[in-house]
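Here are my notes for anyone opening this entry for the first time. Have the 3D view ready and follow along point by point.

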Amino acid sequence: MKKIINDPATVVAESLRGLAVAHADILRVRDDPAVVVRADAPVARKVAVISGGGAGHEPLHGGFVGRGMLDAAVPGAVFTSPTPDAVQAAVAATTGPAGALLIVKNYTGDVLNFETAAELAAAEDLDVRSVVIDDDVAVKDSTFTAGRRGVGGTVLLEKIVGAAAERGDSLDAVEALARKIVAQVRSIGVALTAPTVPHVGEPSFDLGPDEIEFGIGIHGEPGRERIPAEPADALVARMVEAIVSDLPYEAGDKVLLFTNSMGATPLLELYLAHGIAERLLAERGIVVERRLVGPYITSLEMQGMSLTLLKLDDEMTELWDAPVWTPALRWGI
């Protein structure tokens, strides 16, 4: 295993220190427990939007802390849920009378630990609510989950809900919007290689040189099936069909298409795949109104990609376009 690290036991803490000095104008990192918060937190009269999960998916979640998106992110160890006390610390650092919304990916540890933190906050008379995202169409139940996994749709959810909170929407309105997005977003991912967790030191699974894991999770979980390697046209068509048939999406729908690198897939290949996906959606009469392309929810150095579709309405489109200023997403300011 070759990685640019010192000690696997300290890799997350050292990475967070680097994040803090690289983006000191946007965020702060608090230690013991580790929490990433907006530099201007708490923001008065605003619903706090908080998310988190195991490290290894950067820039998710710490890279999305800042104006117009997250007020705080709670990192765990690599591919490991953060503890309830860390989530509680994020709530304490950011939440005022307007309350807070916790965005939780559907992994058993995340759900349990964030729910525990919300209960502890309620005991302190804070209005803290949770929304669980489960946008992965690949499998119904999987390693780490009961039900579908939360994957690429998390990025879109955090951006749109963050914008609603930034403009001053109430907690009821922000929560309702989040649930609407969860109902209208779908994703699927594929892997060409496995990631290597630093403290494990070997790939998470075995994949032959001519094999693709179709429907992979963001922690190296098994997918829907293992298929022979195939050209991009066929692979992307397989992915689009899996997503479009699930909601289903129909002719005339306006969507946001998010084409994501799992960590090691270069933009040369990612843009190629994105172009194919746009063409296939156009052939179905589905209108791509907004786009995001790049490595925004990764799985360490996994070579692979994911596609996410969000069915848009006018409000979601407006909130997607709203100003955002974070380490990973920046526009409109």
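1. Start with one of the sheets. This is a predicted model, and in it six strands make an open sheet in the order β9-β8-β7-β12-β10-β11, with mixed pairing. Strands β9 and β11 (287-294) sit at the edges with a single partner strand each, so one side of each has no neighbour in the sheet. From one strand to the next, the twist averages 20°.

2. Now for the pairing at one end of that sheet. β8 and β9 are antiparallel partners, held over four bridges. If you want a pair to click on, try Phe214, whose bridge partner in β9 is Glu225. Helix α7 packs on the sheet too, where it touches β10 (254-261), β11 and β12, and its direction makes about 165° with that of β11.

3. Next, look at β12. Which strands does it pair with? Seven bridges join β7 to β12, and the two run antiparallel; β10 and β12 are likewise antiparallel and joined by seven bridges. For landmarks, Arg186 stands opposite Leu309 in β12, while Ser261 faces Met305 in β12. The strand is mostly covered, with seven of its eight residues buried.

4. Helix α5 (residues 171-183) is worth turning the view for. It lies across β7 and β12, running at about 50° to β7. We'll meet α5 again in point 6, on another sheet.

5. Here is the other sheet. Its six strands are ordered β1-β2-β4-β3-β5-β6, again an open sheet with mixed pairing. The edge strands are β1 and β6 (128-133), each of which pairs on one side only. Leaving direction aside, neighbouring strands here are turned by 20° against each other on average.

6. Two helices to find on this sheet. Helix α1 (residues 11-22) packs on it and touches β1, β2, β3 (48-55) and β4 (72-78), with a direction at about 150° to that of β4. Helix α5 packs on the sheet as well, touching β5 (100-105) and β6; its direction makes about 10° with that of β6.

7. Zoom in on the hairpin. Strands β1 (residues 27-30) and β2 (residues 35-38) run antiparallel and are joined by four bridges. Leu27 stands opposite Arg38 in β2, and Arg30 stands opposite Val35 in β2. Between the strands are four residues, and in this hairpin Asp32 takes a positive phi near 50°.

8. On to the nonpolar interior. In soluble globular proteins, nonpolar side chains tend to be buried together. The largest nonpolar core here has 61 residues, and Val161 and Leu310 have the most contacts inside it. Helix α4 (residues 153-166) gives the most to this core, with eight residues. There is also a second, separate core of 30 residues, including Val137, Ala242, Val255 and Ala277.

9. What does Leu310 touch, once residues up to four places away in sequence are left out? Its contacts include Leu156, Ile160, Ile181, Val185, Tyr249, Leu256 and Met316. Gln184 and Lys254 are also among them.

10. Back to α4 for a moment. Its 14 residues reach 20 Å from first C-alpha to last, close to the 20 Å expected at 1.5 Å a residue. The helix is mostly covered: 13 of its 14 residues are buried. After α4 comes Gly168, which has a positive phi, near 105°.

11. Helix α6 (residues 232-244) gets a similar check. With 13 residues at 1.5 Å a residue, it should span 18 Å, and its end C-alpha atoms are indeed 18 Å apart. Leu235, Val236, Met239, Val240, Ala242, Ile243 and Val244 are buried in α6. The buried residues of this helix pack against β7 (185-191), β8 (211-214), β9 (225-228), α7 (267-283) and β12 (304-311).

12. Last one: is Thr94 buried or exposed? Thr94, which lies in helix α2 (residues 84-94), has a relative accessible area of 2%, so it counts as buried. A polar atom of its side chain lies 2.8 Å from the backbone oxygen of Ala90. Setting aside neighbours within four places in sequence, Thr94 is in contact with Val37, Ala41, Pro42, Ala48, Ile50, Asp71 and Ala72.

How values were computed. Residues are numbered from 1 along each chain as its sequence is written. This is a predicted model: local features need pLDDT of at least 70, side-chain atom pairs count only at pLDDT 80 or more; totals for chains, interfaces and linings use all residues. Side-chain values use heavy atoms; hydrogens and water are left out. The expected span of a helix is 1.5 Å times one less than its number of residues. Buried means under 20% relative accessible area, exposed over 50%, partly exposed in between (1.4 Å probe, protein chains only). Contact means heavy atoms within 4.5 Å. Two strands pair if DSSP finds at least two bridges between them. Axes are lines fitted to C-alpha atoms, for helices over the stretch in contact, and angles run from 0 to 180 degrees between N-to-C directions. A nonpolar core is a set of buried Ala, Val, Leu, Ile, Met, Phe, Trp, Tyr and Cys residues joined through side-chain atoms within 4.5 Å. A polar contact is a pair of N or O atoms within 3.5 Å; within protein, one must be able to donate a hydrogen and the other to accept it, and residues adjacent in sequence count only if both atoms are side-chain atoms.
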